[in-house]
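User: I would like to go through this model with you, starting with side-chain contacts. Could you take me through what stands out?

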Amino acid sequence: MYKLTLIQIGDGVGAVFPPELLAKLGLKIDDELYAIDKPNGLCIMTRKQDEEEQIRLGREIMKDHHRVLRELAK
């Protein structure tokens, strides 16, 4: 677990990420992160992880509903 500190940046608020967390995630200044509200808290993801999750969900849907999707494709 990593502690993030919130700081004032103009009219907004930013979070300070420890250098070891940035290195572990391969993040650098100006990279974008995505916050997802989940029942047990907030999940912060990089775009790559978000795309991988979408691909995983798409594959799961295709596997579970292949007959319906095949009919719709006709």
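Analyst: This is a predicted model. Lys28 has a relative accessibility of 59% and therefore counts as exposed. Its salt-bridge partner is Asp31, with the closest N and O atoms 3.1 Å apart.

User: Is Asp31 buried, partly exposed or exposed?

Analyst: Asp31 is partly exposed, because its relative accessibility is 31%.

User: How many salt bridges does the structure hold?

Analyst: There are four salt bridges. Among them is the pair Glu53 and Arg56, whose closest N and O atoms are 2.9 Å apart. These two residues are three positions apart in helix H2 (residues 47-64), so about one helical turn separates them.

User: Which residue does Arg56 also meet in a salt bridge?

Analyst: The side chain of Arg56 also meets that of Glu60, at 2.9 Å from N to O. Arg56 and Glu60 are four residues apart in helix H2, about one turn of the helix. Through shared partners, salt bridges join Glu53, Arg56 and Glu60 into one network.

User: Changing topic, what is notable about the backbone of Asp30?

Analyst: Asp30 has a positive phi of about 80 degrees, although it is not a glycine. Most residues other than glycine have a negative phi. Asp30 is in the loop between helix H1 (19-25) and strand S3 (33-38), and it counts as exposed because its relative accessibility is 73%.

User: And which residues make the nonpolar surface patch?

Analyst: Tyr2, Leu4, Leu33, Leu42 and Ile44 make a patch of about 430 Å². Tyr2 lies in the segment before strand S1 (5-9) and, at 36% relative accessibility, counts as partly exposed.

Terms used. Residues numbered from 1 in each chain as written. Predicted model: local features only at pLDDT ≥ 70, side-chain atom pairs only at ≥ 80, totals over all residues. Heavy atoms only, no water. Patch = residues over 30% accessible without salt bridge, like charges linked within 9 Å, V, L, I, M, F, W, Y side chains within 5 Å. Areas by Shrake-Rupley, 256 points an atom, 1.4 Å probe, with all protein chains shown as cover. Buried < 20%, exposed > 50% of the residue type's maximum accessible area, 1.4 Å probe, protein only.
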